[in-house]
Amino acid sequence: MDHKHFMIYKPYGFLSQFYSNDSKQQKKNFLGSLHDFPEGIMSIGRLDEKSEGLLLLTTDGKTSDFINSKKVDKEYYALVNGAITDDAIQQMASGVEIGFDGKKYQTKPCKVFKLETEPDLPTRSKKIRDDRHGPTTWISVTLNEGKFRQVRKMTSAVGFPTLRLVRVRVGHIHLSNMQVGEVMPIDLLEEF
């Protein structure tokens, strides 16, 4: 079978799925409304509804399992509330305790640093609070695990809640200049 692979800039407010049988989710936004995807398409990993950025899609379950099990680096840009401290960045890099599945979980060491300039990203569809409410800081977080809402929980654990979260890289695949909702076919196997 000739499998298809795509990269997509998942918009804010979309679920990382194509449909739902849950009656509470019928009014939600799904990826299928962005493109005419082939039958059997699935997302490789997920981004929560309030997160945006790079999402990989495939019709090949083996490729999905391979990328998920290989512990591929994922890089996120997070806009956090406040002027984040070097101590908070170091705590996140070393690993912090977060809640996961009703239990305490210690995150693995990861790479975290403050971005010197604001990243060149498309404007988000939902307005983010402005500077009248105090300072904000953009940081980069690169990890190779992916617990539910992990980056958001990590920034909150050190006292700097996330206001905007954008995944900009999975392995060697970068979001680059993609626009919100854009879909591009790719050859995934060459990338991993």
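**Exercise 1. Find how many cavities of 30 Å³ or more a search of the whole structure gives, and describe the largest cavity.**

A search of the whole structure finds one cavity of 30 Å³ or more. Here a cavity is, on a 1 Å grid over the protein atoms alone, a set of points where a 1.4 Å probe fits but cannot get out, and lining residues have an atom within 4 Å of a point. The model is a predicted one, in which local features need pLDDT of at least 70 and side-chain atom pairs count only at pLDDT 80 or more, while totals for chains, interfaces and linings use all residues. Residues are numbered from 1 along each chain as its sequence is written, and side-chain values use heavy atoms, with hydrogens and water left out.

Step 1: the volume of the largest cavity is about 40 Å³, where grid points are joined across faces, edges and corners and a volume is the space filled by probe spheres set on the points.

Step 2: its lining consists of I44, L56, I67, N68, K74, R167 and V170. By class, four of the lining residues are nonpolar, one is polar and two are charged; Ala, Val, Leu, Ile, Met, Phe, Trp, Tyr, Cys and Pro count as nonpolar, Asp, Glu, Lys and Arg as charged, and the others, Gly among them, as polar.

Step 3: α1 (61-69) and β11 each supply at least two residues of this lining, and helices (H or I, at least four residues) and strands (E, at least two) are DSSP runs numbered from the N terminus.

**Exercise 2. Decide whether V170 and L163 are buried or partly exposed.**

Step 1: V170 lies in strand β11, and L163 also has its place in strand β11.

Step 2: V170 has a relative accessible area of 5% and is buried, whereas L163, at 21% relative accessibility, counts as partly exposed. The cut-offs are under 20% relative accessible area for buried and over 50% for exposed, with partly exposed in between (1.4 Å probe, protein chains only).

Step 3: L163 touches L79, V80, N81, R124, I128, R129 and T136, leaving out residues up to four places away in sequence, and contact means heavy atoms within 4.5 Å. From C-alpha to C-alpha, L163 and V80 are 5.4 Å apart in space, although 83 residues apart in sequence.

**Exercise 3. Describe the two largest pockets by volume and lining.**

Step 1: the largest pocket holds about 540 Å³ of space, and a pocket is an open set of grid points with protein on both sides within 12 Å along at least five of seven lines. Of the 24 residues that line the largest pocket, R46, L47, G146, K147 and F148 lie nearest its centre. The elements giving two or more residues to this lining are β6 (74-81), α3 (150-157) and β11 (162-170).

Step 2: the second largest pocket has a volume of about 400 Å³ and is lined by 20 residues, of which L79, E118, I128, W138 and R164 lie nearest its centre. Strand β10 (residues 136-143) gives the most to this lining, with three residues.

Step 3: the lining of the largest pocket has seven nonpolar, eight polar and nine charged residues, while that of the second largest pocket has seven nonpolar, four polar and nine charged.

**Exercise 4. State how many helices and strands the chain has, and how many of its residues count as buried, in percent.**

Step 1: the chain has three helices and 13 strands.

Step 2: of its 192 residues, 48% count as buried.
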